[in-house]
There are 2 protein chains.
Amino acid sequence: MKRITFLIVITALLASAVGFTAPASQPGDEEAEPIFVTKIPSGYRDWKLVSVAHEEGDLKDIRAILGNDVAIKSYRDGKLPFSEGAIVGRIAWRHVPSEENNKVFGREQSFVAGEAPPWYLQFMVKDSKKYSATGGWGYAQFDKDGNPGPESDLKKCFPCHQAVKDRDFVFTRYTH
Amino acid sequence: MKRITFLIVITALLASAVGFTAPASQPGDEEAEPIFVTKIPSGYRDWKLVSVAHEEGDLKDIRAILGNDVAIKSYRDGKLPFSEGAIVGRIAWRHVPSEENNKVFGREQSFVAGEAPPWYLQFMVKDSKKYSATGGWGYAQFDKDGNPGPESDLKKCFPCHQAVKDRDFVFTRYTH
């Protein structure tokens, strides 16, 4: 009887531990693998604007951050955490001077969106169950040809996004 | 007879000159006044993205260029001139460093959308008849409170946009 109780407790603890560290893993999995988004969300280029940004350093890009309707609603309502199904995407282009515009302005002042950088698209998809191991968000990035980024890169997303855990892990603020 | 021919020629030349400089004027107008857009087009914040840009110089802004459905269709179809009813808008924000992002990156590299600059919104509205004096586009700008810009500023729009007459006077290219 004691042995049976012991086994039940151990089983419960294990189940709990598995549930905590890797809820999406299947029984029998040796190690819990993070889950990432592997398909480009359809229609993203039609989504509404969240904001814009410009990254220097190694990136040297100019970017638009867009949201699907669920994400935009959460943003506009100031709802945290974001509703299930929310997707935030960012499109990046090389930050390049516009000779055409500069001619009109009469000086070097204008920068526009150029070619796609190596990681053209990034997304975070809200699904609290599926992506519970990474704060309820699944991460993804794609090159211009639609090829997904390597898992080694994607594993860096969540640790970095923890800096804004109080905003449900979303860096970009909606700009009115 | 010579005198009558002379008068006809002069009248024709005058009509032509008036037609060239101010085709939207009505018969009897003393002076043709340019026509500008005085109301913010409704729903612009929900429009689809055309592209993004960054202006230095006196502007120091980061901006999103959006289009209503008619404009986006013309852009995507590569249709020139733009269809009647097309509206291209741009929202500008101060180009400001993001301390929050820089902390995460570990260096100064990130710029985001800050406060509204003096001229927060600009639009060009396609109506070939109404705005025939300015290439078929009506121009507008508004501050954050929705106040329209002075006509003295708006009169500068069309002369400048003539630099891209071959793209139907629209500077911004759609970026895929």
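**Notebook: how chains A and B meet**

I looked first at whether the two chains use the same surface or different ones: 97% of the interface residues of chain A are also interface residues in chain B, so the copies meet through the same surface. I keep in mind that this is a predicted model.

**Contacts.** I looked up the contact totals next. On chain A, 29 residues are in contact with 28 residues of chain B. I then listed the elements that give two or more residues to the chain A side. They are β1 (48–55), β2 (61–67), β3 (87–97), α3 (99–105) and β4 (110–113) of chain A. Which of them gives the most? I found β1(A) there, with seven residues.

**Residue types.** I sorted the residues on the side of chain A that touches chain B. There are 15 nonpolar, eight polar and six charged residues.

**Strand pairing.** I checked which strand of chain B pairs with β4(A). The partner is β1 (residues 48–55) of chain B. The two run in the antiparallel sense, over three bridges. I also noted one facing pair: A:Ser110 stands opposite B:Glu55, a residue of β1(B).

**Symmetry.** I superposed the copies last. A turn of 180° with a shift of 0.0 Å along the axis lays chain A on chain B, at an RMSD of 0.0 Å. I therefore write the relation down as a two-fold axis. Which C-alpha of chain A is nearest the axis? I found that of A:Lys48, 3.0 Å from the axis.

Terms used. Residues are numbered from 1 along each chain as its sequence is written. Chains are lettered from A and ligands numbered from 1 in the order in which they are written. This is a predicted model: local features need pLDDT of at least 70, side-chain atom pairs count only at pLDDT 80 or more; totals for chains, interfaces and linings use all residues. Two residues are in contact if their C-beta atoms, placed from the backbone, lie within 7 Å. Helices (H or I, at least four residues) and strands (E, at least two) are DSSP runs, numbered from the N terminus. Ala, Val, Leu, Ile, Met, Phe, Trp, Tyr, Cys and Pro count as nonpolar, Asp, Glu, Lys and Arg as charged, and the others, Gly among them, as polar. Two strands pair if DSSP finds at least two bridges between them. Copies are superposed by least squares on the C-alpha atoms of residues with pLDDT of at least 70 in both.
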